[in-house]
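Here are a few exercises to work through with the model open beside you. Try each task before you read its solution.

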Amino acid sequence: ILDPLRMNDTVIAIPSRLAANVASGHDDSLEPTSDWTFDVLAGTGALRSTMSDLLRFMDAVCDQGSPIASIIRPLMTPRDQGGLELGKPHPDGAIALSKPGGTGGARGFVKCIPEWKRGVVVLSNASIDAVVDLGVHVLNPRRDLISYPKEVAIDPGSLARLVGRYQLSPNWVLDVTSTGDRLHVRRLADQPRVFPTSEWHFFYKSAPLQLTFEPGEDGRAARLLLH
């Protein structure tokens, strides 16, 4: 794919000519973080690319006469016709190819509707789901953007009353901890920071999720609602 499309800036090892172009990564709380490195699993995400190269790739996906047309065609072909059927039906009837992904402090999203001859690439040096939301909206403006709340300043001393373990389901417990002026909520295998809209309401910057703490009679949080 890279050679016939002249995607010369898509690489695994960063050459010296591109070293100054590498963006510093951030986690889903927008804190600086280190890049991932790969060994035997390099095929899962070791390639690093640029906006120009990925847009060149999108052009080729939309062009039935491109050097990679024979590679793309099976992706769009139904399984009962011998294809892989990776393309998903778009609400307007066309078939769309898309791929979100992320490594370390980066997130990317590509989506293409070959029938429309339209594709979009969104790259971010932060691991945030808003990248996908933005890409879907740019490709089809009729899809509204998800709105995120605005962070406000609160008294760090108020966080102590929110710390605890909250059981949302039989197998899902959220661990809430605080360090200084920051509140962290363990969700699955990570522990991202959440940001306040008030002393009892918080949101994730990494995903369209919000939290509401409900106070008990002792003034501490007795319940947690996940929106």
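**Exercise 1. Find the loop that holds Lys117, then give its phi and its exposure.**

Step 1: Lys117 belongs to the loop between E3 and E4; strands (E, at least two residues) and helices (H or I, at least four) are DSSP runs, numbered from the N terminus. Step 2: its phi is near 55 degrees, a positive value in a residue other than glycine. Step 3: with a relative accessible area of 61%, Lys117 is exposed. The scale used here calls a residue buried under 20% relative accessible area, exposed over 50% and partly exposed in between, with a 1.4 Å probe and protein chains only.

A word on the source: this is a predicted model, where local features need pLDDT of at least 70 and side-chain atom pairs count only at pLDDT 80 or more, while totals for chains, interfaces and linings use all residues. Residues are numbered from 1 along each chain as its sequence is written, and side-chain values use heavy atoms, with hydrogens and water left out.

**Exercise 2. Do the same for Glu85.**

Step 1: look in the loop between H3 and E1, where Glu85 lies. Step 2: Glu85 is not a glycine, yet its phi is positive, about 55 degrees. Step 3: Glu85 has a relative accessible area of 34% and is partly exposed.

**Exercise 3. Work out the strand order of the open sheet that contains E1, and say which strands stand at its edges.**

Step 1: the 4 strands follow the order E1-E2-E3-E4, with antiparallel pairing; two strands pair if DSSP finds at least two bridges between them. Step 2: E1 (88-89) and E4 (118-124) each have a single partner strand, so one side of each is left without a neighbour in the sheet. Step 3: between E2 (residues 95-103) and E3 (residues 106-113) there are 7 bridges in the antiparallel sense. Gly101 has Gly108 in E3 as its bridge partner.

**Exercise 4. Describe which helices pack against these strands.**

Step 1: H2 lies across E2, E3 and E4, at about 155 degrees to E4. Such angles run from 0 to 180 degrees between N-to-C directions, with axes fitted to C-alpha atoms, for helices over the stretch in contact (heavy atoms within 4.5 Å). Step 2: in H4 (residues 130-139), the buried residues are Val131, Asp133, Gly135, Val136 and Leu139. Step 3: their cover includes E3 and E4.

**Exercise 5. Characterise the second largest pocket by volume and lining.**

Step 1: its volume is about 310 Å³. On a 1 Å grid over the protein atoms alone, a pocket is an open set of points with protein on both sides within 12 Å along at least five of seven lines, and lining residues have an atom within 4 Å of a point. Step 2: of the 13 lining residues, Val61, Gln64, Met76, Pro114 and Glu115 are the closest to the centre. Step 3: H2 (51-62) and H3 (69-76) each supply at least two lining residues, and the largest share, 4 residues, comes from H3.

**Exercise 6. Which strands form the edges of the sheet that runs from E5 to E11?**

Step 1: this open sheet has 7 antiparallel strands in the order E5-E6-E7-E8-E9-E10-E11. Step 2: E5 (164-169) and E11 (221-226) are the edge strands, each with a single partner strand. Step 3: neighbouring strands are turned by 30 degrees against each other on average, direction ignored.

Notes:
1 Å grid on protein atoms, 1.4 Å probe; cavity = no way out; pocket = protein on both sides within 12 Å on 5 of 7 lines; lining within 4 Å. Points joined across faces, edges and corners; volume = space filled by probe spheres on them. Nonpolar A, V, L, I, M, F, W, Y, C, P; charged D, E, K, R; others polar.
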